[in-house]
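Hi everyone, thanks for coming. Let me put the structure up on the screen, and then we can walk through it together.

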Amino acid sequence: RAKAAGGNRFELADAEADARAITRHGLTTALPAALERGEFFIEYQPLVHLDDGTVHGAEALVRWLHPQHGILGPDRFIPLAEHTGLIVPLGRWVLEQSVRQAKAWQDQLPGSAAGRPLRINVNLSPTQLHHPGLVAETVEVLDRIGLAPGALCLEVTESALIGADEDLLKPLRQLAEMGVDIALDDFGTGYSNLANLRRLPVSVLKLDRSFTQGMQQHPADPVDLKIVEGIVSLAHSLDLAVTVEGVETGAQADHLRRLGCDTAQGWFYARPGPPEHLHRLSLLDAV
Ligand code: C2E
Ligand code: MG
Ligand code: MG
Ligand code: MG
């Protein structure tokens, strides 16, 4: 009996693995039509200044409203789009929508964020970095829509830049020279080579959520506090701004403010949502 049950368990595990593979395959083949049919949409998550809580801007986070599976998060389909190369047109679409949205915010909310124009953060995948049209397309979109390059921040993960040679860094360098901010996303999760930072054309370090998690408990993990303190002081000495992600409680925000982090993002401030949410938050700033 035990053996039979074991056998069933294996069959069940196999069946689940098969189902996952079938879904993955189905999602992969459905991606191009989904882009054409307009099944993707973007949620925006506010970034706030830690010192006074005013809105700094927002990060664009893509979702897929799948006709059968409902709303799928990027972790479900970005790796598939990376794999097939669809990430290039999808990423172009995300950039265009996000730049339009930032422009709309700037036009509609002139007095927001203590007089500083609102900014937009857009994620870039490694494949997009290798795409030869990246710089020209980005410049074209900014020009056509009329957003200043300084209002755009492109987020690239640390792991995407590991071992990057000059060829890969060149497009980022060109964008940085035009005034586009480059952020190193999920910083601290890879094999962070601190000495390597000087070589990269980045102006923002985006500290991974794992660091903020250690500050959720009482008392906060003293090692995490020390590490973040060290990273902030190194970043500032290299003229990099520090953003933290995954701030879920006021206690975390207090620690991060005291440690000198510049901007923050997380459920404590706002969940990712429709663009109108940012209107509400920045109108509060203006009051
Ligand atoms: P990320 O760039 O590190 O984005 C932050 C993720 O943390 C988002 O997950 C966000 O919803 C989540 N988050 C924000 N605040 C909190 C919090 O307080 N607590 C917790 N537990 N989570 C929080 P999401 O939207 O599922 O995105 C996952 C990843 O997908 C992103 O990680 C980013 O790497 C990627 N991604 C999203 N949109 C795009 C895109 O347009 N293009 C590319 N290439 N990648 C994207
Ligand atoms: Mg990001
Ligand atoms: Mg991140
Ligand atoms: Mg992350």
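Let's read along the chain for the residues that hold the magnesium ion called ligand 2: the donors follow the spacing E-x63-N-x31-E-x29-D. Please keep in mind that this is a predicted model. Put names on those letters and you get E59, N123, E155 and D185, which coordinate the ion at 2.0 to 2.3 Å. The atoms doing the work are OE of E59, OD1 of N123, OE of E155 and OD of D185. Two of these donors, E155 in strand 5 (residues 152-157) and D185 in strand 6 (residues 181-187), are 30 residues apart, so this pair links distant parts of the chain. Are these two buried or exposed? E155 has a relative accessible area of 1% and D185 has 6%, and both count as buried because the limit is under 20%.

Now look at the other magnesium ion, ligand 3. How far apart are the magnesium ions, ligand 2 and ligand 3? The distance between them is 3.7 Å, and D185 coordinates both. For ligand 3, the protein donors are D185 (OD), D186 (OD) and E245 (OE), and they lie 1.9 to 2.6 Å from the ion. Here the spacing along the sequence reads D-D-x58-E. D186 sits in strand 6, while E245 belongs to the loop between strand 8 (241-244) and helix 10 (250-258), so this pair ties together parts that are 59 residues apart in sequence. D186 is partly exposed, with 25% relative accessibility, and E245 is buried, at 14%.

Next comes ligand 1. Where does ligand 1 sit? You will find it in the largest pocket. The elements that each give two or more residues to the shell around ligand 1 are strand 2 (55-66), helix 2 (74-84), helix 3 (87-108) and strand 6. Which element gives the most to that shell? Strand 2 does, with four residues. In total, 24 residues surround ligand 1, and the closest are R63, S125, D185, E248 and W267.

You may recognise some names when we zoom in on ligand 1. E59, a donor to the magnesium ion ligand 2, has a polar side-chain atom 3.0 Å from an oxygen atom of ligand 1. D185, which coordinates both magnesium ions, has a side-chain N or O atom 2.9 Å from an oxygen atom of ligand 1. With E248, a polar side-chain atom lies 2.5 Å from a nitrogen atom of ligand 1. How much of ligand 1 does the protein bury? Taken alone, ligand 1 exposes 800 Å², and the protein buries 84% of that.

Before we finish, here are two more stops. The first stop is Q45 in strand 1 (residues 40-49). Q45 counts as buried, at 7% relative accessibility, and its side chain makes a polar contact of 2.9 Å with the side chain of Q265. The other stop is I227, which you can find in helix 9 (residues 222-237). I227 is partly exposed, at 37% relative accessibility. If you trace from I227 to G91, you cover 136 residues along the chain, and their C-alpha atoms are separated by 33 Å.

If you would like to keep one residue in mind on the way out, try D185: it coordinates both magnesium ions and is among the closest residues to ligand 1. Thanks for listening!

Methods: Residues numbered from 1 in each chain as written. Chains lettered and ligands numbered in written order. Predicted model: local features only at pLDDT ≥ 70, side-chain atom pairs only at ≥ 80, totals over all residues. Heavy atoms only, no water. Donors = N, O, S within 2.8 Å, 3.2 Å for Na, K, Ca; no water. Buried < 20%, exposed > 50% of the residue type's maximum accessible area, 1.4 Å probe, protein only. Near = heavy atom within 4 Å. Polar contact = N/O pair within 3.5 Å; in protein donor to acceptor, adjacent residues only side chain to side chain. Areas by Shrake-Rupley, 256 points an atom, 1.4 Å probe, with all protein chains shown as cover. 1 Å grid on protein atoms, 1.4 Å probe; cavity = no way out; pocket = protein on both sides within 12 Å on 5 of 7 lines; lining within 4 Å. Sits in = over half its atoms within 2 Å of the grid points.
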